[in-house]
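Student: Please give me a close look at the lining of the largest pocket, and then relate that part to its surroundings.

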Amino acid sequence: MIGLPVVINGRQRGNVLRGVLSEDGKALRGLVMRGGLRGARWLPREQITLVGQISVIARGKAGRVPKDAGYHLFRVTDPDGTRIGIVTDALFNEETLRVSALEISSGPLDDLIDGRWYATAYHVQSMGSVGHVTVPALREEVN
């Protein structure tokens with residue numbers, strides 16, 4: 001989504017710098033965009049009509065970026081607190097803007113060997129400007 005043109009009221013107004021998720025990590029809260037000589041602008045979720053493959057369609061007017069727009073999900077652990085990796089991306093429904101999965105990286109070497117993986121079940125604990133993600137146990141122990 002980064003770099004997609006943002007079309008507001010039928011005119012291109014800038015490009016997406018980043019998406020910001022809600023504190024619970026379950027939905028897109030808004031977009032930070034940049035266009036022209038103006039600095040970064042905020043496009044709240046309520047004004048976003050559609051996030052497509054070639055552009056973002058919105059209505060209304062972009063406003064000031066809120067102070068808490070730097071919020072992001074980062075560390076991922078299992079229920080026991082063992083670090084599993086970090087959140088590298090979020091997949092969401094283009095119409096409802098609800099998050100369907102989080103992309104998790106276990107580290108550069110693991111990414112090369114096994115690839116990144118997706119967590120569809122997770123819980124987020126907000127810690128200021130960062131969200132700590134907990135996923136259910138990856139493997140069940142067999143006795």
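Tutor: Strand S8 contributes the most to the lining of the largest pocket, namely six residues. A strand here is a DSSP run of E with at least two residues, numbered from the N terminus. The model is predicted: local features need pLDDT of at least 70 and side-chain atom pairs count only at pLDDT 80 or more, while totals for chains, interfaces and linings use all residues. Residues are numbered from 1 along each chain as its sequence is written, and side-chain values use heavy atoms, with hydrogens and water left out.

A pocket is an open set of points on a 1 Å grid over the protein atoms alone, where a 1.4 Å probe fits and protein lies on both sides within 12 Å along at least five of seven lines; its lining residues have an atom within 4 Å of a point. The largest pocket has a volume of about 610 Å³, where volume is the space filled by probe spheres set on the grid points, which are joined across faces, edges and corners. Its lining comprises 24 residues, and those nearest the centre are Met1, Gly19, Asp89, Ala90 and Phe92. Strands S2 (11–21), S7 (72–77) and S8 (83–92) each supply at least two residues of this lining. By class, the lining holds 15 nonpolar, six polar and three charged residues. In this scheme Ala, Val, Leu, Ile, Met, Phe, Trp, Tyr, Cys and Pro are nonpolar, Asp, Glu, Lys and Arg are charged, and the others, Gly among them, are polar.

S2, S7 and S8 also take part in the largest nonpolar core, each giving two or more residues, as do S1 (5–8), S3 (28–34), S5 (48–51), S6 (56–58) and S9 (99–105). S8 again has the largest share, four residues. Such a core is a set of buried Ala, Val, Leu, Ile, Met, Phe, Trp, Tyr and Cys residues joined through side-chain atoms within 4.5 Å; buried means under 20% relative accessible area, exposed over 50%, and partly exposed in between (1.4 Å probe, protein chains only). This core has 30 residues, of which Ile48, Val56, Leu73, Leu102 and Val133 touch the most other members. Leaving aside neighbours within four places in sequence, Leu73 is in contact (heavy atoms within 4.5 Å) with Leu21, Gly25, Val87, Leu102, Val124, Gly131 and Val133.

The loop between S8 and S9 contains Leu97. Leu97 is buried, at 3% relative accessible area, and its phi is positive, near 65 degrees, although Leu97 is not a glycine. Most residues other than glycine have a negative phi.

S2 is joined to S1 by four bridges, and the two run antiparallel; strands pair if DSSP finds at least two bridges between them. Val6 has Gly14 in S2 as its bridge partner. S1 and S2 form a hairpin with two residues between the strands, where Asn9 has a positive phi near 50 degrees. Unlike Leu97, which is buried, Asn9 counts as exposed, at 53% relative accessibility.

S1 also runs parallel to S6, with three bridges between them, and Ala58 in S6 is the bridge partner of Ile8. In S1, Val6 and Ile8 form a covered face, while Pro5 and Val7 form an uncovered one. In a regular strand, side chains alternate between the two faces of the sheet.
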